[in-house]
Amino acid sequence: MSETDALTLKFRCPRELEGLIPQPVPAPMGIPDWVKAMPATAFSALNQAEEQTVKRCPPFIDAMTAGFLIPLVCDLRVEDGGISWDHELPPGGAIDFPRSPVSFHDVAQVTGSPLFEADRFLLKFHNLWTIQAPEGWSLLFTHPLNRFDLPFTTVTGLVDSDRFHDSFVHFPAHWHDTAFRGVLPKGTPVAQCIPVKRQAWTMQTSAFTDAEVQEIHTVRDALKREQGLYRKQFRA
């Protein structure tokens, strides 16, 4: 396989659930409505000029569209300090699986961490897809990037999914918006799945050379002159 060949993640679910639970989606398909509705520019009172918003920021958007999104399997209703759902999955057959969309982690598991709150549990979103990565690749599971609108924050984990792919990976999360009341809809992304190639890295530090200083000035001047230069010239 060459460096330019497409790589494949294999998502599998129990056959009883096929067609009953939402499939993972490529992250570009999960751009939220608030990004789509944002203006591309806005007036800056500080600079007294129109400025580009993050909608026109390639690194911001590229982060949100990397990898795949794992969706919530059903609506969750949040009220009176509890979470409920109206979603009945068939019992497991050849493979057992959790039939509830969520469960909880005992807070003791995060003792000593900033997530610890004595009177609260950590939520755990159930994922009913196993995921197999190509040889040499791991999967970074994290909170959907730049999704500050979500009332929870998914805990980040890195799984060697080329080796560990015959069991479900579930997603612990901290429900940070205690004022939230209402429905978290089916299909809400609960985790972003980003392939990461395992390889050894070393670090090098140095001061800029004279030639590098000149190149930095060249790039900075070009960025000032031409709007969108990063997107046109540097974006892969």
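## The five-stranded sheet

Five strands make up an open sheet in the order 2-5-16-11-13, paired antiparallel. Strands here are DSSP runs of type E with at least two residues, numbered from the N terminus, and two of them pair if DSSP finds at least two bridges between them. This is a predicted model, where local features need pLDDT of at least 70 and side-chain atom pairs count only at pLDDT 80 or more, while totals for chains, interfaces and linings use all residues. Residues are numbered from 1 along each chain as its sequence is written, and side-chain values use heavy atoms, with hydrogens and water left out.

At the edges sit strand 2 (25–26) and strand 13 (157–159), each pairing on one side only. Moving inward, strand 5 (residues 68–71) is joined to strand 16 (residues 189–197) by four bridges in the antiparallel sense, and Leu 69 has Gln 192 of strand 16 as its bridge partner. Strand 16 also pairs antiparallel with strand 11, over six bridges; there, Leu 140 is opposite Ile 194. Strand 11 (residues 137–142) then runs antiparallel to strand 13, with three bridges joining them, and Leu 139 faces Val 159 across that pairing.

## The three-stranded sheet

There's also an open sheet of three strands, in the order 7-6-15 and again with antiparallel pairing. Its edge strands are strand 7 (82–84) and strand 15 (182–184), each paired on one side only. From one strand to the next, the twist averages 30°, taken from axes that are lines fitted to C-alpha atoms, with angles running from 0 to 180 degrees between N-to-C directions.

Strand 6 (residues 76–79) runs antiparallel to strand 7, and three bridges hook them up. Glu 79 is the residue opposite Gly 82 of strand 7.

## Aromatic rings around Phe 152

Searching the whole structure turns up six aromatic pairs. Rings of Phe, Tyr and Trp (its six-membered ring) pair if their centres lie within 6.5 Å; planes under 30 degrees apart are stacked, over 60 edge-to-face, and the rest tilted. Phe 152 and Trp 175 form a tilted pair, 6.1 Å centre to centre with 35° between the planes. Phe 152 is in strand 12 (residues 152–154) and Trp 175 in strand 14 (residues 171–175), so the pair ties together parts 23 residues apart in sequence.

Both Phe 152 and Trp 175 are buried (under 20% relative accessible area with a 1.4 Å probe, protein chains only; exposed is over 50%, partly exposed in between). Together with Phe 125 and Phe 180, they form one aromatic cluster.

## Nonpolar cores

A nonpolar core is a set of buried Ala, Val, Leu, Ile, Met, Phe, Trp, Tyr and Cys residues joined through side-chain atoms within 4.5 Å. The largest one has 33 residues, and Phe 125, Phe 141, Phe 152 and Phe 171 have the most contacts inside it. Strand 6, strand 9, strand 11, strand 14 and strand 16 each give two or more residues to this core. A second, separate core of five residues includes Val 35, Phe 60, Ile 61 and Met 64.

## Asn 127, a buried loop residue

Asn 127 sits in the loop between strand 9 (122–125) and strand 10 (130–132), yet it is buried, with a relative accessible area of 2%. Its side chain reaches the backbone oxygen of Val 169 at 2.9 Å.

Setting aside neighbours within four places in sequence, Asn 127 is in contact (heavy atoms within 4.5 Å) with Ile 70, Phe 168, Val 169, His 170 and Phe 171.

Terms used
A polar contact is a pair of N or O atoms within 3.5 Å; within protein, one must be able to donate a hydrogen and the other to accept it, and residues adjacent in sequence count only if both atoms are side-chain atoms.
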